[in-house]
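User: I'd like to learn how to read a few features straight off a model. Could you walk me through it?

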Amino acid sequence: MGSTAKVRVAALARDTNETKIQLALNLDGGELPADTHPKLLEATAAHASQSTSSQTISVNTGIGFLDHMLHALAKHAGWSMALNCEGDLHIDDHHTAEDCCIALGYAFNKALGSLAGVARFGYAYAPLDEALSRAVVDLSNRPYSVIDLGLKREWLGKLSCEMVPHCLQSFAQAARVTMHVDCIRGDNDHHRAESAFKALAVAIKMATAQVKGKEGEVPSTKGTLSA
């Protein structure tokens, strides 16, 4: 008998007057979905690209530090992900950063589908040198986020520091999850931000894990996690 494990994938294209985004996601690593946009299948030389036996990751948003954070998120969550964005960076970084994280949240929610059989809750601590962050996630279908990273610089590369928590908030809203992410300590803002994304990745991996023996069971006393 072959495996009946659910394939948790999603692909989408999101076009507005501000950004044009193509995105493909596999929550369990491995191959990208069959309906991945052709543009994403054209191998890119972006620095936020990585291919291993278990994951394929390619991120090109036009904002280097955002690429770096989304690469870290995908890597440590165990995802295969390809994302390309052409945004109005001649204005500023806001629309591109926000829309990429909204699109990622939508794709995550679509790929996850039914919450039956998943762990639902996840939590993690992740250090990066002197910085330490904590993330707690509930796949609640109740979008809410509390983000406190304590960033002090104005910019990290070409990503404004105000957009770092906003990116996480945008993802939480579109993904319909409850998310608390805090940087507990750290002197370097790059380290603070990166440790936060890594902690979130590990917490998401825990929350989305499929629990053996709980197949078909909704992890809620209400019996449903529908909107």
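User: Let's start with W79: is W79 buried or exposed?

Analyst: Keep in mind that this is a predicted model. Buried means under 20% relative accessible area. W79 has a relative accessible area of 0%, so W79 is buried.

User: And what about F108, buried or exposed?

Analyst: F108 comes out at 1% relative accessibility, so F108 counts as buried too.

User: How many aromatic pairs does the structure hold?

Analyst: The general idea goes like this: a pair of aromatic rings is described by the distance of the centres and the angle of the planes. In this case, the structure holds 2 aromatic pairs. One of them is formed by W79 and F108, with 6.0 Å centre to centre and 45° between the planes. That pair is tilted, because planes under 30 degrees apart would count as stacked and over 60 as edge-to-face.

User: Where in the chain do the two partners sit?

Analyst: W79 lies in the loop between α2 (64-77) and β5 (80-87), while F108 belongs to helix α3 (residues 94-112). They are 29 residues apart, and the pair links distant parts of the chain.

User: Which residues form the aromatic cluster?

Analyst: F171 joins in: W79, F108 and F171 form one aromatic cluster.

User: Zooming out, how many helices and strands are there in the protein?

Analyst: You'll find 5 helices and 11 strands.

User: What does the radius of gyration say about the overall form?

Analyst: You compare the value with what a compact globule of that length would have. For 227 residues that would be near 17 Å, and the protein has 17 Å, so the two agree. Along the principal axes, the C-alpha atoms fill a box of roughly 50 × 40 × 35 Å. Buried residues make up 52% of the 227 residues. As for contacts with a separation of 6 or more, 72% of them come from residues 24 or more positions apart.

User: What supplies the exposed area?

Analyst: The protein exposes about 10,800 Å², and carbon and sulfur atoms supply 52% of it. On the charge side, there are 21 positive and 25 negative charges, with mean positions 8 Å apart.

User: One last residue: where is K6, and what does K6 touch?

Analyst: K6 sits in the segment before β1 (9-15). With a relative accessible area of 37%, K6 is partly exposed. Leaving out residues up to four places away in sequence, K6 touches D28, A111, L112, G113, S114 and Q210. T56 is 50 residues from K6 along the chain, and their C-alpha atoms are separated by 19 Å.

Key: Residues numbered from 1 in each chain as written. Predicted model: local features only at pLDDT ≥ 70, side-chain atom pairs only at ≥ 80, totals over all residues. Heavy atoms only, no water. Phe/Tyr/Trp six-rings, centres within 6.5 Å; stacked < 30°, edge-to-face > 60°. Helix = DSSP H or I, 4+ residues; strand = E, 2+ residues; numbered from the N terminus. Buried < 20%, exposed > 50% of the residue type's maximum accessible area, 1.4 Å probe, protein only. Rg over C-alpha atoms; globule rule 2.2 N^0.38 Å. Contact = heavy atoms within 4.5 Å. Areas by Shrake-Rupley, 256 points an atom, 1.4 Å probe, with all protein chains shown as cover. Lys, Arg positive; Asp, Glu negative; His and termini not counted. Charge placed at Lys NZ, Arg CZ, Asp CG, Glu CD.
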